[in-house]
Amino acid sequence: MTHPLGNPPSKIIAVHLNYPSRARERGRTPSQPSYFLKPPSSLAGTKEAVVRPRGCELMSFEGEIALVLGSRAHRVRPEDGWSYVRWVTAANDLGVYDLRYADRGSNLRSKGADGFTPLGPRLLDARTLDPTALRLRTWVNGSLVQDDTTDTLLFPFGALIADLSRLVTLEPGDVILTGTPAGASVVTPGDVVEVEVSSDAISTGRLRNPVAAAEHDLEPWGAMPRADAAERASAFGAAHEPGPLLPARIEEGLRSVAVATLSAQMRRRGLPHMSMDGVRPTRPDQKMVGVAHTLRYLPLREDLFQRYGNGMNAQKRAVEELLPGHVLVMDARGETSAGTLGDILALRAQLRGATGVVTDGGLRDSAAVTALGLPVYHSGEHPAVLGRRHVPWDTGVPVACGGALVQPGDLMVGDADGVVVVPPDLVEELITDCQEQELQEEFITEQVQAGHGMDGLYPLGPRWRRAYEQWREHHQRAQQLGKEPTHEVPQ
């Protein structure tokens, strides 16, 4: 079999889990990387057929970025790891789940068969690439099924090389398969799998491999294929029901505070641009809390719309990728003269478990969408269909929506005032400080209602501090007892 490396490497090392999207799909996020070996005899090139052994039904594809070492690496540091990479190319880490049981953990026969590691078609010079700015895409029969980037990897490439080289000397030509994103699944004879790695205008080209059926029976002296419900679920990408994207206490905490309070607290932390401009809710009476899943539209180009706008386009993929607890965030560049969401897509998002949708573009079928009860924030109603202003381009990438930068995994909170983006690493302290701020404002409101002036009261000054602390203690004690608090404030 031919492949772009020329001489075979001394070893091929594959990473089990490295993309957050795949970790969520698998229901676990490792604290450290784990690996398995694939034999060099598993290498293949582009356009070569990959053969499913007879008796197997669960042949899986996994689009991956392959790193090819250019120099000997032994006990290197993480910050130096990338410098040992000479080439980057596309790979397909194929396997048959029907034989996983036979070599549990090592994956030797399930992933090490001849031809189960296609690489190519072109090698990219690693010295010209930013390892955090690569994009990996996989197509099956022309439909895009995997699309992810390397800016959020659990274990950056340099860290993988450093980790491995602590105990295993990596030789020039060795290959590291760096993990697959969500979307890997099962293919059957007659299918065609294509994998591409790109960075801006540079691309490996598409690694293209048709799937074929073996022409002979698998010899009976050894483990034979078998599959059960668990292996089928794992092969098709549903080994685990996804757990909640947000811990219950975080969701409850965010629901307990107002968007205006969150905005004020983030401004105090030097984050004044976390609110979205120009979006309004279909249901002002509802609260929205969830985790961002993103969709980006680009301006309409008629010559590209046929390729990107039709079929299972990025708009539809974004909806089908939603997990319970997601908020779909659409970057429509503030262009409101065409719809970016209608009642059918909104219904599908709701059935997928989405907790809301935010678009800075137009909303079609606004009455029907409102009637669904799904929180939707938009920049205006418009009856026009998708192809008037927009091309749906990609999903799961950082976007700009309503003037705010949103990364996949950011937290989205909306109420009648609008929507704010909450950084996940700040959420716990924000909830605590927001709850304290709202308690103070409740106290201040009561004092204003009682006829007190604003001087020294709003914002809360030293003269009112002791009275507030007594009020808060009484308030919290009453809540613990399940009673409605009543307050008498010392004058």
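Q: What makes strand β6 (residues 63-69) and strand β7 (residues 85-92) a pair, and in which sense do they pair?
A: Two strands pair if DSSP finds at least two bridges between them. β6 and β7 have 7 bridges, so they count as paired, in the antiparallel sense. At one point along the pair, Gly63 stands opposite Asn92 in β7. The model is a predicted one, in which local features need pLDDT of at least 70 and side-chain atom pairs count only at pLDDT 80 or more, while totals for chains, interfaces and linings use all residues. Residues are numbered from 1 along each chain as its sequence is written, and side-chain values use heavy atoms, with hydrogens and water left out.

Q: Why is one side of β2 and of β3 left without a neighbour in the sheet?
A: β6 and β7 belong to an open sheet of 7 strands, ordered β2-β1-β12-β6-β7-β9-β3, with mixed pairing. β2 (35-38) and β3 (43-44) stand at its edges and have a single partner strand each, so one side of each has no neighbour in the sheet. The strand and helix names come from DSSP runs numbered from the N terminus (helices: H or I, at least four residues; strands: E, at least two).

Q: What makes strand β10 (residues 135-140) mostly covered?
A: Buried means under 20% relative accessible area, exposed over 50%, and partly exposed in between (1.4 Å probe, protein chains only). In β10, 6 of its 6 residues are buried. Arg135, Arg137 and Trp139 point one way and Leu136, Thr138 and Val140 the other, and all are buried.

Q: Which strands pair with β10, β11 among them, and what is the bridge partner of Arg137 in β14?
A: β10 pairs in the antiparallel sense with β11 (residues 143-149) over 6 bridges, and likewise with β14 (residues 192-199) over 6 bridges. Arg137 stands opposite Asp147 in β11, and its bridge partner in β14 is Glu196. β10 and β11 form a hairpin with 2 residues between them, and Asn141 in the turn has a positive phi of about 55°.

Q: What makes helix α3 (residues 157-165) mostly covered?
A: Of its 9 residues, 8 are buried. Among them are Phe157, Leu160, Ile161 and Asp163. The buried residues of α3 pack against β1 (12-15), β2, β6, β7 and β12 (175-177).

Q: Why does Thr395 count as buried or exposed?
A: Its relative accessibility is 2%, and the limit for buried is under 20%, so Thr395 counts as buried. Thr395 is found in strand β24 (residues 390-395). Beyond its neighbours within four places in sequence, it is in contact (heavy atoms within 4.5 Å) with residues including His293, Leu295, Arg317 and Glu321.

Q: What makes the approach of the side chains of Thr395 and Glu321 a polar contact?
A: A polar contact is a pair of N or O atoms within 3.5 Å; within protein, one must be able to donate a hydrogen and the other to accept it, and residues adjacent in sequence count only if both atoms are side-chain atoms. The side chains of Thr395 and Glu321 are joined at 3.1 Å, so the distance lies within the limit.

Q: Why are α11 and α12 described by the word they are given for their crossing?
A: The axes of α11 (residues 427-449) and α12 (residues 462-480) come within 10 Å and cross at roughly 110°. Axes are lines fitted to C-alpha atoms, for helices over the stretch in contact, with angles from 0 to 180 degrees between N-to-C directions. Angles under 35 degrees count as roughly parallel, over 145 as roughly antiparallel, 65 to 115 as roughly perpendicular and the rest as oblique. The two helices are therefore roughly perpendicular. The residues of their contact divide into 6 nonpolar, 4 polar and 5 charged (nonpolar: Ala, Val, Leu, Ile, Met, Phe, Trp, Tyr, Cys and Pro; charged: Asp, Glu, Lys and Arg; polar: the others, Gly among them).

Q: Why are Lys47 and Arg333 placed in their accessibility classes?
A: Lys47 has a relative accessible area of 66%, and exposed starts over 50%, so Lys47 is exposed. Arg333, at 35%, falls between the two limits and is therefore partly exposed. Lys47 has a positive phi of about 70° although it is not a glycine, and Arg333 has one of about 60°. Lys47 lies in the loop between β3 and β4 (50-52), Arg333 in the loop between β19 (326-331) and β20 (339-341).
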